[in-house]
Amino acid sequence: PQRIYYLSLEFYMGRTLQNTMVNLGLQNACDEAIYQLGLDLEELEEIEEDAGLGNGGLGRLAACFLDSMATLGLAAYGYGIRYEFGIFNQKIIDGWQVEEADDWLRYGNPWEKARPEYMLPVHFYGRVEHTPEGVKWIDTQVVLAMPYDTPVPGYKNNTVNTMRLWSAKAPNDFNLQEFNVGDYIEAVLDRNLAENISRVLYPNDNFFEGKELRLKQEYFVVAATLQDIIRRFKSSKFGCRDPVRTSFETFPDKVAIQLNDTHPALSIPELMRILVDVEKVDWDKAWEITKRTCAYTNHTVLPEALERWPVSMFEKLLPRHLEIIYALNQMHLDRVAALYPGDIDRLRRMSVIEEGDCKRINMAHLCVIGSHAVNGVARIHSDIVKNSVFKDFYELEPEKFQNKTNGITPRRWLLLCNPGLADVIAEKIGEGFVTDLSQLKKLLDFINNESFIRDVAKVKQENKLKFSAYLEEQYKVKINPSSMFDVQVKRIHEYKRQLLNCLHAITLYNRIRSDPSKSFVPRTIMIGGKAAPGYHMAKMIIKLITSIGEVVNNDPYVGDKLKVIFLENYRVSLAEKVIPAADLSQQISTAGTEASGTGNMKFMLNGALTIGTMDGANVEMAEEAGEENLFIFGMRVEDVEALDRQGYNALEYYERLPELRQAIDQISSGFFSPRDPGCFRDVVNMLMHHDRFKVFADYEAYIKCQGQVDQLFMDPREWTKKVIRNIACSGKFSSDRTITEYAREIWGVEPSSTKIPPPNLPRD
């Protein structure tokens with residue numbers, strides 16, 4: 001079969017125990033067995049560490065995709081890095097984020113199997129020699145890549161795929177082969193330098209930091225993986241003596257490589273290097289093979305997130321790859337020049353090499369020219385990719401550009417995290433929805449069924465009680481379980497506009513204070529997420545949230561009408577607890593900035609209603625459920641563009657909207673930071689003078705929309721009916737649907753629903 005290789009620098013897997021039991025259909029059996037041993041399975045599950053080898057959406061998407069690929073019976077492999085330290089653990093101390101190393105392997109990892117027999121060399125540095133026999137990359141430093149395999153079980157189909165993560169090992173002669181005067185001890189200690197490659201995950205989400213160690217990580221995973229892919233291609237079932245296998249003609253028919261963002265972009269020049277330098281394939285033939293094999297997924301349009309590596313760094317670390325990139329770029333520009341004679345500016349815009357004070361390699365441009373398919377991750381994002389980010393490339397090859405709206409696996413994000421809801425659904429429509437989520441549409445027949453409405457509301461209330469108990473036990477915070485659970489959990493970033501949420505919380509607080517006797521819809525506002533350690537503004541936003549909580553939660557006038565809680569150390573295992581308990585899901589990024597979002601889908605599937613902008617997959621969620629069944633507010637992409645042309649002036653909103661002015665004045669005067677009145681001056685200054693994400697422009701519409709949320713929440717029956725409608729229309733957002741589209745439209749394979757016979761039965 002054609003093999004699919006999903007290359008990613010992040011796999012945000014979370015815990016594995018319960019997922020394995022669910023997919024193997026063993027959960028009840030294990031539950032019972034453990035219970036008979038006098039143990040509590042849930043208590044055991046809480047002991048497992050999260051595999052936090054990702055930052056957020058991109059890494060979690062890779063994990064959902066692995067689950068779907070196995071469930072759809074695809075011959076797919078996930079390839080990445082086995083980081084010794086994953087995403088940091090977040091502690092909140094005195095209201096500030098403090099990072100702690102995530103030593104997740106401390107007690108060992110029972111799910112992985114080291115495979116030293118498949119260890120491979122990876123080369124760095126050195127120089128290039130052009131000889132009559134071809135090009136040689138020599139005098140390199142070698143690091144060994146040790147593979148660790150983790151099984152990826154499909155859902156009840158007896159398929160088990162593999163996630164192979166590489167760990168860096170120094171060769172035994174490391175630094176000793178140097179004709180050195182022999183400080184043996186120093187040389188052995190220097191092994192760490194090589195092994196640092198797989199030491200730690202870079203904790204940036206949607207931000208590029210051009211560090212040499214990161215470039216080494218990117219090449220490390222690519223070089224090891226491509227050797228593995230080619231080894232498997234050459235010795236596949238047909239036997240290595242088959243002459244077809246020494247020819248690479250059929251390579252793209254047998255191998256599909258999917259690049260998860262530009263991080264594994266070096267696959268393109270590396271495959272070229274192997275084909276041309278090692279396998280002696282003709283250059284043009286090699287380029288055709290490379291393009292037919294690779295496909296690229298774009299994950300963001302934020303300019304600060306695009307990878308642009310200094311040429312000087314490449315020259316030193318990967319000299320041969322730099323030569324190849326120059327040659328590919330020349331070929332590409334020749335073609336553009338032939339089609340658009342005299343259009344020098346177009347050549348500059350489309351070049352893989354950016355000229356300037358520091359010459360840089362634009363990895364996204366490299367991916368676009370080196371792939372046969374380029375996709376965005378939600379319809380609106382794919383349109384932006386075609387009409388702005390890669391506009392010139394789209395004009396050149398429109399057939400390359402596709403959309404593949406993201407999805408989530410219903411195994412982890414419904415069955416595993418919300419068994420109560422899954423049971424209530426299965427009772428009405430059977431269990432087929434687990435592998436065909438579109439079947440949730442059948443729930444539309446039960447929207448007016450009183451017992452079903454009651455059951456759905458009851459499950460939500462139980463989940464809220466359970467989460468309240470967890471919060472009290474873990475963080476000693478008491479919350480009102482009958483209040484609206486208003487949740488925004490995601491990485492802290494200006495574009496995600498946690499600040500807009502803060503302004504609503506302050507406005508609510510001020511309204512309660514100005515008339516404490518008036519009846520309010522009680523709310524518990526929960527905000528969670530990690531800030532990149534070097535992202536000052538994001539850390540200030542966390543401090544602001546905790547400071548607002550300090551004031552609001554201790555004000556006797558407020559009582560339990562309003563609570564503001566910061567959820568510490570948000571991660572996959574915490575998401576599995578908070579999402580099933582949420583009533584309101586906040587998806588409030590500035591239109592045109594959130595490529596897709598996947599948390600939005602998890603909340604929808606788990607019976608929360610969404611308040612959000614027309615951004616990312618929210619657009620398609622509104623289309624599926626009907627716009628009137630989400631709380632949509634604020635500027636659309638067109639409005640944002642119009643405001644940019646006109647010039648965004650924050651002061652105008654500040655002066656026109658008294659509640660906004662009051663909130664900003666409170667933040668700025670030190671009302672929320674009496675010990676340090678100037679604490680939030682950077683935040684206020686940003687909002688007033690250089691807010692790229694136009695928080696004030698959507699404030700009025702947001703506050704008004706939140707009023708409509710309150711109105712509906714006071715009518716529990718109508719609220720629950722909207723919830724059922726949302727659940728019934730969430731079927732499109734299964735990663736099974738997403739992967740089926742990738743398989744058919746990019747990889748050229750058909751998913752199969754056939755169940756392999758179990759190992760205890762003879763195969764046909």
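Here are some worked exercises on the structure above.

This is a predicted model, in which local features need pLDDT of at least 70 and side-chain atom pairs count only at pLDDT 80 or more, while totals for chains, interfaces and linings use all residues. Residues are numbered from 1 along each chain as its sequence is written, and side-chain values use heavy atoms, with hydrogens and water left out.

**Exercise 1. The open sheet**

Task: Work out in which order the 6 strands of the open sheet lie, and which strands form its edges.

Solution:
- Begin with the terms: helices (H or I, at least four residues) and strands (E, at least two) are DSSP runs, numbered from the N terminus. Two strands pair if DSSP finds at least two bridges between them.
- Strands of a sheet pair through backbone hydrogen bonds, either parallel or antiparallel.
- Here the order is β22-β21-β20-β23-β24-β25, with parallel pairing.
- The edges are β22 (562-567) and β25 (631-632), each of which pairs on one side only.
- Next, look at helix α20 (residues 498-514), which packs on the sheet and touches β20 (484-489), β21 (523-528), β22 and β23. Contact here means heavy atoms within 4.5 Å.
- The direction of α20 makes about 155 degrees with that of β21. For such angles, axes are lines fitted to C-alpha atoms, for helices over the stretch in contact, and the range is 0 to 180 degrees between N-to-C directions.
- Now zoom in on two pairings. Strands β23 (residues 584-587) and β24 (residues 609-612) are parallel and share 4 bridges; within this pairing, L584 has L609 of β24 as its bridge partner.
- Strands β21 and β22 also run parallel, joined by 6 bridges, and M526 has its bridge partner in β22 at I565.

**Exercise 2. An enclosed strand and a covered helix**

Task: Find how many residues of β22 are buried, and which residues of α1 are buried.

Solution:
- Set the scale: buried means under 20% relative accessible area, exposed over 50%, and partly exposed in between (1.4 Å probe, protein chains only).
- In β22, 6 of the 6 residues are buried, so this strand is largely enclosed by the rest of the structure.
- Split β22 by direction: L562, V564 and F566 point one way, K563, I565 and L567 the other way, and all are buried.
- Turn to helix α1 (residues 17-24), where 6 of 8 residues are buried. They are Q18, N19, T20, M21, V22 and N23.
- These buried residues pack against α2 (27-36), α3 (41-45), α4 (57-71), β11 (141-153) and α17 (410-416).
- Just after α1 comes G25, with a positive phi of about 70 degrees.

**Exercise 3. Positive phi outside glycine**

Task: Compare K476 and R497: where does each lie, and is each buried or exposed?

Solution:
- Most residues other than glycine have a negative phi, and most peptide bonds are trans.
- K476 has a positive phi near 60 degrees and lies in the loop between α19 (450-475) and β20. Its relative accessible area is 67%, so K476 is exposed.
- R497 has a positive phi of about 60 degrees and sits in the loop between β20 and α20. With a relative accessible area of 1%, R497 is buried.

**Exercise 4. Cysteines**

Task: Explain why C64 has no bond to the closest cysteine sulfur.

Solution:
- A disulfide is a pair of cysteine sulfur atoms within 2.5 Å; a search of the whole structure finds 0 of them.
- For C30, the nearest cysteine sulfur is that of C417, 19 Å away. C30 is partly exposed, at 25% relative accessibility.
- For C64, the closest cysteine sulfur is in C417 at 11 Å, which is too far for a bond. C64 is buried, at 1% relative accessibility.

**Exercise 5. Rings and charges**

Task: Classify the aromatic pairs F248 with F251 and F671 with F672, then find what lies over the face of Y148.

Solution:
- Rings of Phe, Tyr and Trp (its six-membered ring) pair if their centres lie within 6.5 Å; planes under 30 degrees apart count as stacked, over 60 as edge-to-face and the rest as tilted.
- The whole structure holds 25 aromatic pairs. In one of them, F248 and F251 are 5.8 Å apart centre to centre with 55 degrees between the planes, a tilted pair; both residues are buried.
- For F671 and F672, the centres are 5.0 Å apart and the planes at 85 degrees, so this pair is edge-to-face. F671 is partly exposed at 36% relative accessibility, whereas F672 is buried at 4%.
- Y5, Y77, Y79 and W166 form one aromatic cluster.
- A charge sits over a ring if NZ of Lys or CZ of Arg is within 6 Å of the ring centre and within 35 degrees of the ring normal. R82 lies over the face of Y148, 3.8 Å from the ring centre, and the charged end of K464 sits over the ring of F485, 4.7 Å from its centre.
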